[in-house]
Amino acid sequence: MEFSSSLDGVDWAALKAALAADQFDNGRTPQEYRRSHQRSHAVVFGRCDGRFVANGRILSDGVCNAYLVDIWTASTHRRQGIGREVVDRLLATVPGQHVALLTDDMPAFYSALGFQPQHGGMSQVVGTWLNRT
């Protein structure tokens, strides 16, 4: 298992394909995945035998607020500590900050990492999702 925080040489089409194959693709193109990662505070990629098996990003204002997004471990590689390693590496980049996230299906995983539910969160898509017509 290899972890990297570098965007150099990332095959964005391969990342999208890995996410799509594991039903974790939200419709972004490879170029949109690249832009999303470039504009993040920090990123982590996990590769096994050169193939993407994990991914994560964190957004931050650099002062007090951060947000975990796109946390993914391939179904075939779960329950091996990979997701924890991705999150730990991302959290290490935002000491002293409040870190939020949204999850529909993994609350137990995030609770085990020290996250606590906060009720009252809300969200909205401005315009059309991904500006698609």
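## A five-stranded sheet with two crossing helices

Let's start with one pair of residues: V43 has R57 as its bridge partner in strand 3. That pair belongs to a predicted model, and it is a good place from which to explore the rest of the sheet.

**The sheet as a whole**

How many strands form the sheet, and in what order? Five strands build an open sheet with the order 1-2-3-4-5, and their pairing is mixed. Strand 1 (2–4) and strand 5 (98–100) stand at the edges; each has a single partner strand, so one side of each has no neighbour in the sheet. From one strand to the next, the twist averages 20°. As background, strands of a sheet pair through backbone hydrogen bonds, in either a parallel or an antiparallel way.

**Strand by strand**

Strand 2 (residues 42–48) runs antiparallel to strand 3, and seven bridges join the two. Besides the pair we began with, F45 has N55 as its bridge partner in strand 3. Now follow N55 onward: its bridge partner in strand 4 is W72. R57 can be followed in a similar way, since its bridge partner in strand 4 is V69. Strand 3 and strand 4 (residues 65–73) pair in the antiparallel sense, over six bridges. Strand 4 and strand 5, however, pair in the parallel sense over three bridges. Here N65 stands opposite H98 in strand 5.

Here are these three pairings side by side:

| Strands | Sense | Bridges |
|---|---|---|
| Strand 2 and strand 3 | antiparallel | seven |
| Strand 3 and strand 4 | antiparallel | six |
| Strand 4 and strand 5 | parallel | three |

Are strand 3 and strand 4 mostly covered or mostly open? Strand 3 (residues 51–60) is mostly covered, with seven of its ten residues buried. In strand 4, seven of the nine residues are buried, so this strand is largely enclosed by the rest of the structure.

**Two hairpins**

Strand 2 and strand 3 make a hairpin with two residues between the strands, and in this hairpin D49 takes a positive phi near 55°. Another hairpin is made by strand 3 and strand 4, with four residues between them. In its turn, G62 has a positive phi of about 80°.

**Two helices that cross**

How do helix 1 and helix 2 lie relative to each other? The axes of helix 1 (residues 12–21) and helix 2 (residues 30–38) come within 8 Å and cross at roughly 100°. The two helices are therefore roughly perpendicular to each other. Where they meet, helix 1 contributes W12, A13, L15, K16 and L19, while helix 2 contributes P30, Y33, R34 and H37. Sorted by class, this contact has six nonpolar residues, one polar residue and two charged residues.

Which residues of helix 1 are buried? They are W12, L15, K16, A18 and L19. Looking down the axis of helix 1, you find its buried residues within an arc of 160°, so they line one face of the helix. A general point helps here: an α-helix has 3.6 residues a turn, so residues three or four places apart point the same way. Helix 1 lies across strand 2, strand 3 and strand 4, and runs at about 100° to strand 3. Those strands, along with helix 2, are among the elements that cover the buried residues of helix 1.

Helix 2 has its own buried residues: E32, Y33, S36 and H37. Around the axis they cover an arc of only 135°, which puts them on the same side of helix 2. They pack against helix 1, strand 2 and strand 3.

**Two residues with positive phi**

Finally, take a look at Q23 and D70. Q23 lies in the loop between helix 1 and helix 2, and its phi is near 55°, a positive value in a residue other than glycine. Is Q23 buried or exposed? Its relative accessibility is 76%, so Q23 counts as exposed, the cut-off for exposed being over 50%.

D70 lies in strand 4. Its phi is also positive, near 55°, and D70 too is a residue other than glycine. With 17% relative accessibility, D70 counts as buried, because buried means under 20%.

Conventions. Residues are numbered from 1 along each chain as its sequence is written. This is a predicted model: local features need pLDDT of at least 70, side-chain atom pairs count only at pLDDT 80 or more; totals for chains, interfaces and linings use all residues. Side-chain values use heavy atoms; hydrogens and water are left out. Buried means under 20% relative accessible area, exposed over 50%, partly exposed in between (1.4 Å probe, protein chains only). Two strands pair if DSSP finds at least two bridges between them. Axes are lines fitted to C-alpha atoms, for helices over the stretch in contact, and angles run from 0 to 180 degrees between N-to-C directions. Angles under 35 degrees count as roughly parallel, over 145 as roughly antiparallel, 65 to 115 as roughly perpendicular and the rest as oblique. Contact means heavy atoms within 4.5 Å. Ala, Val, Leu, Ile, Met, Phe, Trp, Tyr, Cys and Pro count as nonpolar, Asp, Glu, Lys and Arg as charged, and the others, Gly among them, as polar. The arc is that of the directions from the helix axis to the C-beta atoms.
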